[in-house]
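Q: Could you pick out one part of this protein and go through it with me slowly? I'd like to know how it sits in the rest of the fold, in plain bench language.

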Amino acid sequence: MEFRQSSKLNDVCYEIRGPVVDQANALEEAGHSVLRLNTGNPAPFGFEAPEEIVQDIIRNLPKAHGYSDSRGILPARRAVVQYYQQRGVEGVDVNDVYLGNGASELIQMAVTALVDDGDEVLVPMPDYPLWTAVVRLAGGKAVHYLCDEVADWYPSLDDIAAKITARTKAIVVINPNNPTGAVYPKELLEGILDLARRHGLMVLADEIYDKILYDGTEHHCLAALADDVLTLTFNGLSKAYRVAGFRSGWLVVSGPKQHASDYLEGLTMLSGMRLCPNVPAQFAVQAALGGHQSIDDLVLPGGRLTEQRDVAYKALNEIPGVSCVKPKGALYAFARLDPAVHKIVDDEQFVLDLLLREKIHVVQGTGFNWPRPDHFRFVTLPRADDLETAINRIGRFLATYRQV
């Protein structure tokens, strides 16, 4: 008997770890060195976890052997509450916080608890593809609203409004944005909240990069801008605290929770079904949020992350036929390939050919549910010299590359 994957996976893709990864693995197994620019994983590029976080986990290991509360340990949830109180979010207590094995697990739980077959969720285009994938797995339809490259990759309020239907349940906002690096102004976020308010939508706010900001850019916590809109905020330690492997994230519920008691009962049930999040990693949360914010030094002028962003932005724009909006946050550049110069009809093939020839692994734009094969996402985590060398190699590749 042949066993086949479930039909639920027919429309699900996650190209950040998709088929091209298998080829990259094969190249490494054959002895080649591959520059992995497909995932925002700080550790391979020399970003170490803050020592106080590691030490807190070590000290607490003797009492981390058993299950915790299904929502997570109390000190960590209290630290999350205090963090959002400082950011102006009102009416949140420890019972509104769910810890998870990374924000990814919590995103899947939150969507599963909400979406029935045929329900619609508004998701940005381009998106972080996990959002589209979990909506489809839940039986829903991801309806993609436009983020406009000409307008610094800001969402189009008119496009969002035009795509709201009677089946729309929620809107996803990724800010700072992955893959574009955009950071949204307060007025735009208030416009999104107004649409959610008028149409009775839940807001799902992915703010995992809220501390990775450049050029003095300010991040506005969505939940702090409206206490009358049910908002689920997702965040964690993976990026700002460079501990992606710890899988330590959280979800905070804010707004009129009295109108969502049935939904929250379902969310709590799913939380219990996984028994609890990883207990040792939960002990990192209080130390991280209450300790020295070393990320600040990395994003100041002259800081390593800012320098790398600057080098990537400049070098990408110097390649003929390539352009890139300057990222204001996060760890990525979403570069455009001018169709008049680079006639790419299959961007996955472009990414594969680049990998095979230059041993550089990026992700095609269609992997982020962008509708045309004219973009790719580039991770800005390598050191500046390595970034410049890699981008020069991409430019050399593009100078002779042809698909049609």
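The part I'd like to see up close is helix α5, along with what it packs against.

A: Sure, just keep in mind that this is a predicted model. Start with how well α5 is hidden: 7 of its 9 residues are buried, so the helix is largely enclosed by the rest of the structure. The buried ones are P129, L130, W131, T132, A133, V134 and V135. What do they pack against? The neighbours of these buried residues are helix α4 and strands β3, β4, β6, β7 and β8. Right after the helix comes G139, which has a positive phi, near 95°.

Now look at the other end. The loop that leads from β3 (120-125) to α5 holds D127. Is D127 buried or exposed? Its relative accessibility is 0%, so D127 counts as buried. Leaving out residues up to four places away in sequence, D127 touches T132, H144, I174, N178, P179, F368 and N369. T132 is one of the buried residues of α5, so click on that contact if you're following along on screen. For a sense of spacing, the C-alpha atoms of D127 and V172 are 9.3 Å apart, though 45 residues separate the two along the chain.

The strands around α5 make more sense once you see the sheet. Eight strands, in the order β2-β9-β8-β7-β6-β3-β4-β5, make an open sheet with mixed pairing. At its edges are β2 (97-101) and β5 (154-155), each with a single partner strand, so each has one side without a neighbour in the sheet. At the β5 end, β4 (residues 141-148) pairs with β5 over 2 bridges in the antiparallel sense. One partnership there is D148 with Y154 in β5.

Two more helices lie across this sheet. Helix α4 (residues 102-114) crosses β2, β6 (168-174), β7 (202-206), β8 and β9, running at about 120° to β2. That's the α4 that the buried residues of α5 also pack against. Helix α3 (residues 74-86) lies across β2, β8 and β9 (248-254), at about 115° to β2.

Next, the rings. With ring centres within 6.5 Å counting as a pair, the model has 11 aromatic pairs. One of them starts in our helix: W131 and F234 sit edge-to-face, 5.5 Å centre to centre, with 80° between the planes. W131 belongs to α5 (residues 129-137) and F234 to β8 (residues 231-236), so to speak a link between distant parts of the chain, 103 residues apart. W131 has 0% relative accessibility, so it counts as buried. F234 also has 0% relative accessibility and counts as buried.

A second pair, F350 with F376, is tilted, with 5.9 Å between centres and 55° between planes. F350 comes from helix α12 (residues 347-358) and F376 from strand β14 (residues 375-379), so this pair ties together parts 26 residues apart in sequence. Both F350 and F376 are buried.

Follow α12 for a moment. Its axis and that of helix α1 (residues 19-29) come within 10 Å and cross at roughly 10°, so α1 and α12 are roughly parallel. On the α1 side the contacts come from P19, V20, Q23, A24 and L27, which meet E348, V351, L352, L355 and L356 of α12.

Strand β14 takes you to another sheet. Its 4 strands are ordered β10-β11-β14-β13, it is open, and the pairing is antiparallel. The edges are β10 (322-324) and β13 (363-364), each paired on one side only. Between β11 (residues 332-337) and β14 there are 5 bridges, and R336 stands opposite H375 of β14. Helix α13 (residues 384-400) packs on this sheet, touching β10, β11 and β14, with its direction at about 160° to that of β14.

One last stop brings us back towards the start. W153, F334, F368 and W370 form one aromatic cluster, and F368 is among the residues that D127 touches. So that's the loop ahead of α5 in contact with a member of that cluster.

Key. Residues numbered from 1 in each chain as written. Predicted model: local features only at pLDDT ≥ 70, side-chain atom pairs only at ≥ 80, totals over all residues. Heavy atoms only, no water. Phe/Tyr/Trp six-rings, centres within 6.5 Å; stacked < 30°, edge-to-face > 60°. Buried < 20%, exposed > 50% of the residue type's maximum accessible area, 1.4 Å probe, protein only. Pairing = 2+ DSSP bridges. Contact = heavy atoms within 4.5 Å. Axes fitted to C-alpha atoms, helices over the stretch in contact; angles between N-to-C directions. Parallel < 35°, antiparallel > 145°, perpendicular 65-115°, else oblique.
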